[in-house]
Amino acid sequence: MSESGPLLLHASHQGWRVAVASKDGVSINQHFGHAQTFVVYQLTADGIESLEQREVSLYCHGHSADHAAMADILTTIQDCDAVLVARVGDGPADKLRAIGVEPVDDYAYLGIDESLQAYRDLCLQQNQEGCHGHAR
């Protein structure tokens with residue numbers, strides 16, 4: 001799990017909104033900086049629902065980065081609690097955390113469906129143990 005672990009659900013919170021970076025829509029196989037699309041899911045105690053696909057500008061251009069694109073990406077997924085990616089650099093990870101979005105690369109190259117289920121189960125388990133966290 002990422003450094004801070006799964007997001008924890010407050011009693012008034014209705015679930016987690018999670019963005020996923022994928023090249024093929026099947027597995028979590030996209031580096032954060034290479035993603036031009038994020039699929040957003042809602043995870044609740046009752047299940048997982050695909051909400052929408054969000055397009056963004058390419059951030060990473062090899063050895064250079066488009067800082068305007070980073071600002072666009074952060075704005076595009078700022079309402080999410082986490083983003084599941086194959087990989088994310090330290091700088092982008094810090095920027096994501098600064099806006100309350102947890103970068104998660106623990107499910108790199110695994111299937112989206114089973115990864116979302118596993119992440120959801122971890123979050124729910126943390127909440128059943130009476131923990132308090134930073135989910136919105």
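This report covers the fold, the strand pairing, the salt bridges and one backbone angle of a predicted model.

**Overall make-up**

The protein chain holds three helices and seven strands. Read from the N terminus, the order is β-β-β-β-β-α-β-α-β-α. Five strands thus precede the helix that opens the α part of that order. The chain has 136 residues, and 46% of them count as buried. Its exposed surface comes to about 6,800 Å². Carbon and sulfur atoms supply 48% of that area. Contacts reach across the sequence: among those with a separation of 6 or more, 58% join residues 24 or more positions apart.

**Strand β1 and its partners**

Strand β1 spans residues 16–21. This strand is mostly covered, with five of its six residues buried. β1 pairs with two strands in this account, β2 and β6.

The pairing with β2 (residues 37–44) is antiparallel and runs over six bridges. Within that pairing, R17 of β1 stands opposite Q42 of β2. The pairing with β6 (residues 82–84) is parallel and rests on three bridges. Here V20 stands opposite L84.

In a regular strand, side chains alternate between the two faces of the sheet.

**Salt bridges**

The structure holds six salt bridges. Three of them are listed here, with the N to O distance.

| Pair | Distance (N to O) |
|---|---|
| D79 and R17 | 2.9 Å |
| R97 and D94 | 3.9 Å |
| D121 and R120 | 3.0 Å |

What does the pair D79 and R17 tie together? D79 lies in the loop between α1 (67–77) and β6, while R17 belongs to strand β1, so the bridge ties together parts that are 62 residues apart in sequence. D79 is partly exposed, at 31% relative accessible area. R17 is partly exposed too, at 25%. The cut-off for buried is under 20%, so R17 does not count as buried.

The pair R97 and D94 sits within one element. Both residues belong to helix α2 (residues 90–98). They are three residues apart, which means a separation of about one helical turn. Their side chains meet at 3.9 Å, N to O. The salt-bridge limit is within 4 Å, so this pair qualifies. R97 is partly exposed, with a relative accessible area of 33%.

In the pair D121 and R120, are the partners buried or exposed? D121 is partly exposed, with a relative accessible area of 36%. R120 counts as buried, at 9% relative accessibility. Salt bridges that share partners also build a network: R17, E52, R54 and D79 are joined into one.

R17 therefore appears twice in this picture: it stands opposite Q42 in β2, and its side chain meets that of D79 in a salt bridge.

**A positive phi at Y109**

Most residues other than glycine have a negative phi. Y109 departs from this, with a positive phi near 70°. Where does Y109 lie? Y109 is found in the loop between β7 (102–104) and α3 (112–128). Is this residue buried or exposed? Y109 is exposed, with a relative accessible area of 59%. The cut-off for exposed is over 50%, so Y109 falls in that class.

How values were computed: Residues are numbered from 1 along each chain as its sequence is written. This is a predicted model: local features need pLDDT of at least 70, side-chain atom pairs count only at pLDDT 80 or more; totals for chains, interfaces and linings use all residues. Side-chain values use heavy atoms; hydrogens and water are left out. Buried means under 20% relative accessible area, exposed over 50%, partly exposed in between (1.4 Å probe, protein chains only). Helices (H or I, at least four residues) and strands (E, at least two) are DSSP runs, numbered from the N terminus. Two strands pair if DSSP finds at least two bridges between them. Contact means heavy atoms within 4.5 Å. Accessible areas come from the Shrake-Rupley method with a 1.4 Å probe; for residues, only the protein chains shown count as cover.
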